[in-house]
Amino acid sequence: MYLGLDIDQKLVEMADEAEKELAPVFKKYEQTSLAIMAKVIKAFGDCRLASPDFAEVTGYGYYDGGRDKLEQVYAQLFGAEDALVRPQIMSGTHALALAFFGLLRPGDTMVSISGRPYDSLTTMIGISGKSKNSLIAHGVNYEQIDLVDDDFDIAAIVNRIKRGGVSLMAIQRSRGYACRKSLTIEKIEKVIKAIKAADPNVIVLVDNCYGDFVEDREPTHVGADIIVGSLMKNLSGGITRTGGYIVGKKDLVWQVSERFSAPGIGKDLGANLNTNREMFMGLYYAPSAVESSLKTMTLASFLLQKLGYDVSPTPLEERTDIIQTIRLGSADALVGFCQGMQKGMIIENFVVPEAAPMPGYPDEEVMASGSFITGSTIDLSCDGPLTEPYICYMQGGITYSQGKLGILVALTNLLRSNGKK
Ligand SMILES: *Cc1c(COP(=O)(O)O)cnc(C)c1O
């Protein structure tokens, strides 16, 4: 027992050692968080955010001043011209679908330049599943250029642009469910420079899910035309209950907003009801929640590596998202690990997760999560597809104290189940 919780004493000692060794890394996360907090303070001040902006607007959403200020704040924080940030966007996948369908026409060609996209996107694009509403079913051509040694294949990308006909190039910053490293802002900056030099008209779209507020610059600061994210992830701060965002060039955001609502209406309508307050509050808490999550995942990486697991990123490696992966090697080990993690959750820690199909995902998924916002992954959580090589994707930890204790409970269970085998 440790502080009244079922935690192995050996792990407590390992965590003490970890925190000593990781102090410089934690300091770096704190500095980034501070710099982003300063931008949040500035943006709230610049738009003169005040209590009346939190008032509920109903119906068509005429004169929803809070909604307009929220989008102004997002644009400013991301160094962009405009933003669409709405509670009606129900997930990251939905936000990405709005962006792709808003920007691409039949006959257009999109190229994913970070390899195969995130699982739920493959269904939406039409490279898996058989939806009659996929991009490919609508006549969009899909091409893919794979990463080489976890970096962009710039020569192949520039060559492809020179051959002509490319409307949009898509980048996924985070690794998603792929066995690769996440793409840092530095790498994204380099490839965008090369793309724009080859043809400034190619639209660069970045799936920013899990990357938001991890570095002090976002893809839009280094030339991305439009970026997309989920409010069940980093920018929720554990507060915002639902939503998604699209940030970028004014004309492109407008085009996407016409897909979101209707041609001609765009982002001018839409009642945010009583969500404006929590949307701003989420942003206010997000720098600190992301910092805690990075600390929690770095601690997990350190401990799991010491226990002999293959982890990525390694504890001292630079991070550009909040994801930590552990290679577990078998379906049993993956499900077992998630069951141990579930015991470390703040609520629903009595539940035993099992693998099951998930809407939009090709493989069965197992997920450990227990948070005040259903499925929120800025909260401590982990999940993985039931497929080779059985990797678990962990993320979150809104407060470091809960994140740390949750990881220690999970690893106590891991040690015990290993002992049993
Ligand atoms: C989570 C995620 C998505 C989809 O977001 P949902 O909110 O789960 O629909 C898309 N891309 C990446 C890289 C993600 O991590």
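Here a biologist asks and a modeller answers about a predicted model, its ligand and its empty spaces.

Biologist: Which residues surround the ligand?
Modeller: The model is predicted, and residues are numbered from 1 along each chain. A residue counts here if a heavy atom lies within 4 Å of the ligand. That shell is Ser91, Gly92, Thr93, Leu96, Tyr118, Gln172, Asp207, Cys209, Tyr210, Ser230, Lys233 and Tyr361.

Biologist: Which element gives the most residues to the shell around the ligand?
Modeller: The shell includes Gly92, Thr93 and Leu96. Helix 4 runs over residues 92-103. With 3 residues, the top contributor to the shell is helix 4.

Biologist: How do the residues of that shell divide into nonpolar, polar and charged?
Modeller: Asp207 and Lys233 are in the shell. Asp and Lys both count as charged. The full division is 5 nonpolar, 5 polar and 2 charged.

Biologist: How far is a polar side-chain atom of threonine 93 from an oxygen atom of the ligand?
Modeller: The cut-off for a polar contact is 3.5 Å between N or O atoms. Serine 91 meets it, with a polar side-chain atom 3.4 Å from a ligand oxygen. Lysine 233 meets it too, with a side-chain N or O atom 2.9 Å from a ligand oxygen. For threonine 93 the distance is 2.6 Å.

Biologist: What share of the ligand's accessible area does the protein cover?
Modeller: On its own, the ligand has 370 Å² of accessible area. The protein covers part of that area, and the share is 91%.

Biologist: Where does the ligand sit among the open spaces?
Modeller: Rolling a probe the size of a water molecule over the atoms shows where empty space is left. One such space holds about 640 Å³. The ligand takes up that space, the largest pocket.

Biologist: Which residues lie nearest the centre of the largest pocket?
Modeller: The lining has 31 residues. By class, they are 14 nonpolar, 14 polar and 3 charged. Nearest the centre are Tyr118, Lys233, Met358, Tyr361 and Gly375.

Biologist: Which element gives the most to the lining of the largest pocket?
Modeller: Elements that give two or more residues are helix 4, helix 5 (119-125) and strand 12 (391-395). The most, 3 residues, comes from helix 4.

Biologist: What is the volume of the largest cavity?
Modeller: A cavity is a space where the probe fits but cannot get out. The count comes to 2 cavities of 30 Å³ or more. The largest cavity has a volume of about 90 Å³.

Biologist: Which element gives the largest share of the lining of the largest cavity?
Modeller: The lining has 15 residues, and Ser112, Pro117, Leu121, Ala170 and Gln172 lie nearest the centre. Helix 4, strand 2 (109-112), helix 5, strand 4 (166-172) and strand 5 (203-207) each supply at least two. The largest share, 3 residues, is from strand 4.

Biologist: How many charged residues line the second largest cavity?
Modeller: This cavity has a volume of about 40 Å³. Its lining is Ile36, Lys39, Leu77, Phe213, Glu215, Asp216, Arg217, Glu218 and His221. By class, 3 are nonpolar and 1 is polar, and the number charged is 5.

Biologist: Where does proline 389 lie?
Modeller: Most peptide bonds are trans. The bond from serine 312 to proline 313 is cis, with omega near -5°. Proline 313 lies in the loop between strand 8 (310-312) and strand 9 (324-327). The bond from glutamate 388 to proline 389 is also cis, and proline 389 is in the loop between strand 11 (381-385) and strand 12.

Biologist: What is the phi of aspartate 150?
Modeller: Most residues other than glycine have a negative phi. Aspartate 150 is in the loop between strand 3 (141-144) and helix 6 (154-162). Though not a glycine, aspartate 150 has a positive phi of about 60°.

Methods:
This is a predicted model: local features need pLDDT of at least 70, side-chain atom pairs count only at pLDDT 80 or more; totals for chains, interfaces and linings use all residues. Side-chain values use heavy atoms; hydrogens and water are left out. A polar contact is a pair of N or O atoms within 3.5 Å; within protein, one must be able to donate a hydrogen and the other to accept it, and residues adjacent in sequence count only if both atoms are side-chain atoms. Accessible areas come from the Shrake-Rupley method with a 1.4 Å probe; for residues, only the protein chains shown count as cover. On a 1 Å grid over the protein atoms alone, a cavity is a set of points where a 1.4 Å probe fits but cannot get out, and a pocket is an open set with protein on both sides within 12 Å along at least five of seven lines; lining residues have an atom within 4 Å of a point. A molecule sits in a cavity or pocket if more than half of its atoms lie within 2 Å of its grid points. Helices (H or I, at least four residues) and strands (E, at least two) are DSSP runs, numbered from the N terminus. Grid points are joined across faces, edges and corners, and a volume is the space filled by probe spheres set on the points.
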